[in-house]
Amino acid sequence: MISDFRLKHGEKRVTLDATLTRIAHDQAQAMAAKDQLDHDVLGRFNTRVSPAGAGRAAENIAYGYESFPKTLDQWINSSGHRKNLLLPGATRVGVASVKSAKTGRTYWAMVIAGDYERPKPKASPKSPSKESKQANIAKPKSRAAESCRLKILSLCL
C-alpha cells in the first residue's frame, strides 16, 4: 500500500525490511506499554534507526486505528506524515502495531529509509601518520550529523 501511494506520487517502490520492522515494532511496543504516543519513548530516532545503516530515514507513529489502511489514510492526510511516506530515495520500510494492555488502543509505527548505497567512513588506523591526521581534519561531517537538518515534533527532516 505504501509503494502504491509512492508510485502515484512519482517516488519509487519500497520493500519490507526486517531491521526496520524490528525498529518499528520496538517503538510501537514501547508506546503501547506506556500508553503514550511519543517518538522519543525509546530514545532519539537517529539513535534507534542507526542499526539499519541507512543514509536517511523517517518515522511515522499513530494510535487508535485498528487497521493499517485507516492508519495509512490518516498519515496521507497529514502533511508531515505524508512527506515521510514520500521520502525521496527511500527503498525500504518497516511497519508494526501493538495493542495496549491497559486501554486496548492500537499503536502503530512505520520507519522508512534509503541511501543504503552511500559508502561508510573507513576506520582510522591506531597510529595514524601525520599525513592521515591532516586528512582527518579536512573530512566532512559524518552522514549521521547531516541527516537531521530540521526537527519538528521529533521528526527529522
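1. Asp 115 is buried in this predicted model, with a relative accessible area of 11%. Its salt-bridge partner is Arg 56, and the closest N and O atoms are 3.4 Å apart. Arg 56 is partly exposed, at 29%. The cut-off for buried is under 20% relative accessible area, so Asp 115 falls below it, whereas Arg 56 at 29% does not. The pair links distant parts of the chain. Arg 56 sits in strand 2, and Asp 115 in the loop between strand 4 and helix 6 (130-138). In sequence they are 59 residues apart.

2. A further salt bridge joins Glu 59 to Arg 48, with 2.9 Å between the closest N and O atoms. Glu 59 counts as buried, at 2% relative accessibility. Arg 48 is buried too, with a relative accessible area of 11%. Glu 59 belongs to strand 2 and Arg 48 to helix 3. Eleven residues separate them, and the pair links distant parts of the chain.

3. Glu 66 and Lys 99 also meet through their side chains, in a salt bridge of 3.4 Å, N to O. Glu 66 lies in the loop between strand 2 and helix 4 (68-76) and Lys 99 in strand 3, so the pair ties together parts 33 residues apart in sequence. Glu 66 is exposed, with a relative accessible area of 53%. The structure holds six salt bridges in total. Side chains of opposite charge can pair when their charged atoms come close.

4. Now the sheet. It is open, has four strands in the order 1-3-4-2, and its pairing is mixed. Strand 1 (15-16) and strand 2 (56-63) are the edge strands, each pairing on one side only. Strand 3 (residues 90-99) and strand 4 (residues 106-114) run antiparallel and are joined by nine bridges. Strand 2 and strand 4 are also antiparallel, with eight bridges between them. Strands of a sheet pair through backbone hydrogen bonds, either parallel or antiparallel.

5. Some registers are worth checking on screen. Lys 99 stands opposite Thr 106 in strand 4. Ser 97 stands opposite Trp 108 in strand 4. From strand 2, Glu 59 faces Val 111 as its opposite residue in strand 4. Glu 59 is also the salt-bridge partner of Arg 48. The hairpin of strand 3 and strand 4 has six residues between the strands. In that hairpin, Gly 104 takes a positive phi near 80°.

6. How many residues of strand 4 are buried? Nine of its nine residues are, and the strand is mostly covered. Thr 106, Trp 108, Met 110, Ile 112 and Gly 114 point one way. Tyr 107, Ala 109, Val 111 and Ala 113 point the other way, and all are buried. In a regular strand the side chains alternate between the two faces of the sheet.

7. Helix 2 (residues 18-34) lies across strand 1, strand 2, strand 3 and strand 4. Helix 2 runs at about 30° to strand 3.

8. The largest nonpolar core has 20 residues. Those with the most contacts inside it are Leu 20, Ile 23, Val 49, Ala 52 and Val 111. Helix 2, helix 3 (45-49), strand 2, strand 3 and strand 4 each give two or more residues to this core. Helix 2 gives the most, with seven residues. Ile 23 touches Arg 48, Val 49, Ala 52 and Val 111, not counting residues up to four places away in sequence. Apart from this core lies another, of 17 residues. Among its members are Ile 2, Phe 5, Ile 76 and Leu 85. In soluble globular proteins, nonpolar side chains tend to be buried together.

9. The structure holds three aromatic pairs. The rings of Phe 68 and Trp 75 have their centres 6.3 Å apart and their planes at 70°, so the pair is edge-to-face. Both Phe 68 and Trp 75 are buried. Ring pairs link Phe 68, Trp 75 and Trp 108 into a cluster. Trp 108 comes from strand 4, where it is buried.

Key
Residues numbered from 1 in each chain as written. Heavy atoms only, no water. Pairing = 2+ DSSP bridges. Contact = heavy atoms within 4.5 Å. Axes fitted to C-alpha atoms, helices over the stretch in contact; angles between N-to-C directions. Core = buried A, V, L, I, M, F, W, Y, C linked by side-chain atoms within 4.5 Å. Buried < 20%, exposed > 50% of the residue type's maximum accessible area, 1.4 Å probe, protein only. Salt bridge = Lys/Arg side-chain N within 4 Å of Asp/Glu carboxyl O. Phe/Tyr/Trp six-rings, centres within 6.5 Å; stacked < 30°, edge-to-face > 60°.
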